[in-house]
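Subject: Structure handover

Hello,

Please find the structure below, for you to take over. My notes on it come after.

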Amino acid sequence: MTGRGWDTFRAAIGAAVLVAAIGSCVTNVRYESVPLAGPRVVRSPVKAHLVDGSTIVFSDGITIDNSLVTGDGARYDIRLNPVGAVLGVALDSVLAMESFRTETDVIRSISSVYLHTAAGALLAAAIFGSCPTVYSHATGVEVLEAEAFSYSIAPMFESRDVDRLAVAVDDQGEVRLEVRNEALETHYINHFELIEVGHASHEQVVPDPEGRPVRLGSPLALQHAADRDGRDVTELLSRPDGTLYTSSLSRIEDAIASGPGEVEDHIELDVPVPLGAGQVGLHLRLRNSLLATVLFYDMMLGDRGARALDWLGQDLGEIGPAVELGQWAADNLGMRISVLESGAWREVARLPDKGPLAWDDVAVVVPVSPDRTEASVRIRLAFPADHWRIDHVTPFETARYAEGRVVPLSMIQALDGSDQTDMLANLASADDSYLVTSPGHAFEVVFRPGVDARQDGRNRSRTFFLASQGYYIEWVRQSWLAAGRETEPFRPGPETLVEALRRWHAARDTMEEQFYATRIPVR
């Protein structure tokens, strides 16, 4: 969307839509193919990606009538050369479809992406999904650093995302990251930049929920931590050891049985805070389960089949539906952080969903009353049952906001090492120019912050953050098109989260292993 359009939208709805953390990844639900009850008309412009690697662009929409897709189409072969006009195609020859915006140049948006993998490989890996995944290789070992703008599922939801990186600068003073599209999605990447924060070596620097860097010093020990079931999880959450908090089976089953209003799980922390202190810092390392994935892919897209194309292409381009979805997500998903004061809980922060792939480090500055008479405070982390995987929660005595230095993008390289100068302008600034990628596309971004210099002999460190901006469009799978029977667009209601939890609970024993083991190969 244009800069002016985004500013208008943001002013109209505030931050609610920006925290619409509604998932980013596919599931392994199998749909039973049944005859459609009459033709399905899709008014949005559509690209149909076929199993032979070719693409048909239907700029005026399509009609799906059982096994046939019809419309005024232009076909492109696997090398993106125009083939000619077509009026229809068999549904079983379609791998997936995606909505697109007519103001984007159709030819350029196709030819700027490269479908490296054969259709068979795409189908085999189709249970994996993500927004852009970002990797580093500085140590010789591949590290998943981030999944960028994981909840920006339409142009209206485009926003800025900030992720802390583990990678350090190399001997040439460069930070190199590989950006991949490993899913059945089209990524519209607007901007990348690196943020450098210098700090004392004993400090940690972690972004807050809004992406602002926070310097954390003097770690504290959790006095006690217990979840809603009363389980003592103090030791579990005290160490960053990969042993994860998950909601208990009984909590999940109780949430499903009890219905709306009882879906919440929570963890209460007793944290030591010196008397007279006005705040305490929390460092959380966490990622989402696949609950939001089930919600997005099964209920928002899969159940609706062809109707999902117009929902993504048209409905979410209107302020009304976008605000409704965003407000529901803000009220029901993510994580709410509250502090107990005078016998009542006071909410102090909200975390949006982060996605199920990369671990996310988040800092929360929790204000506390300096006039309290106890040397500890109680903090509650509240969230939908089984929605988060939490590695650790570490309190810090000091938490101060830090200034960062912006390091602009210096170079883009293809994986064969060739310079892609023509792509650099698309990512250099947050504007109306996008780099568009499709499944199997990967490239390397290079930043040059310079070689680390120790100033005045002080023990100093620096931490890097990747700031990204963009959005992505899911490809609606052929199985969804064939089986989806809902003709109304998705609208969240009181039972939505309960139904998503029920479906996730039924599939989670096998879904996670299959999900993380499959992805579309890049080259």
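What follows is a description of the chain as a whole, then its sheets, helices, cores and two loop residues.

This is a predicted model, in which local features need pLDDT of at least 70 and side-chain atom pairs count only at pLDDT 80 or more, while totals for chains, interfaces and linings use all residues. Residues are numbered from 1 along each chain as its sequence is written, and side-chain values use heavy atoms, with hydrogens and water left out.

Overall

The protein has 11 helices and 27 strands. Helices (H or I, at least four residues) and strands (E, at least two) are DSSP runs, numbered from the N terminus. Of its 523 residues, 57% count as buried. Here buried means under 20% relative accessible area, exposed means over 50%, and partly exposed is in between, with a 1.4 Å probe and protein chains only. Taking contacts (heavy atoms within 4.5 Å) between residues at least 6 apart in sequence, 79% join residues at least 24 apart.

Sheets and strand pairs

Two strands are said to pair if DSSP finds at least two bridges between them. One open sheet has 5 strands in the order 13-14-22-17-20, with antiparallel pairing. Its edge strands are strand 13 (204-207) and strand 20 (360-367), each of which pairs on one side only. On average, neighbouring strands of this sheet are turned by 45° against each other, direction ignored. Angles in these notes run from 0 to 180 degrees between N-to-C directions, and axes are lines fitted to C-alpha atoms, for helices over the stretch in contact. Strand 13 runs antiparallel to strand 14 (residues 213-219) and is joined to strand 14 by 4 bridges. Gln204 has Leu216 in strand 14 as its bridge partner.

Another open sheet of 5 strands has the order 15-16-21-18-19, again with antiparallel pairing. Strand 15 (224-227) and strand 19 (344-351) are at its edges with a single partner strand each, so one side of each has no neighbour in the sheet. The average turn between neighbouring strands of this sheet is 20°, direction ignored. Strand 18 (residues 335-341) pairs with strand 19 in the antiparallel sense over 7 bridges. In that pair, Ser338 stands opposite Glu347 of strand 19.

There is also a hairpin formed by strand 5 and strand 6, with 5 residues between them. Strand 5 (residues 68-76) and strand 6 (residues 82-90) are antiparallel and share 7 bridges. Val69 has Val89 in strand 6 as its bridge partner. In the turn, Leu80 has a positive phi of about 70°.

Helices

How many of the residues of helix 6 are buried? In helix 6 (residues 291-301), 11 of the 11 residues are buried, so this helix is largely enclosed by the rest of the structure. Among them are Thr293, Phe296, Tyr297 and Asp298.

Helix 6 packs against helix 11 at an angle of about 110°, with the axes 8 Å apart. The two are therefore roughly perpendicular, a word used for 65 to 115 degrees; angles under 35 count as roughly parallel, over 145 as roughly antiparallel, and the rest as oblique. Residues making this contact include Leu291, Val294 and Met299 of helix 6 and Leu497, Trp504 and Met511 of helix 11.

Helix 5 (residues 249-258) packs against helix 11 (residues 496-517) at about 140°, with axes 9 Å apart. Helix 5 and helix 11 are therefore oblique to each other. In helix 5, Leu249, Ile252, Glu253, Ala255 and Ile256 meet Val498, Leu501, Arg502, His505 and Arg508 in helix 11.

Cores

A nonpolar core is a set of buried Ala, Val, Leu, Ile, Met, Phe, Trp, Tyr and Cys residues joined through side-chain atoms within 4.5 Å. The largest has 82 residues, and Trp311, Phe443 and Phe447 touch the most other members. Apart from this core lies another, of 31 residues, including Val271, Leu282, Val364 and Val368.

Two loop residues

Phe149 and Ser342 are residues other than glycine with positive phi, near 30° for Phe149 and near 55° for Ser342. Phe149 lies in the loop between strand 9 (143-147) and strand 10 (159-164), and is buried at 0% relative accessible area. Ser342 lies in the loop between strand 18 and strand 19, and counts as exposed at 85% relative accessibility.

Regards
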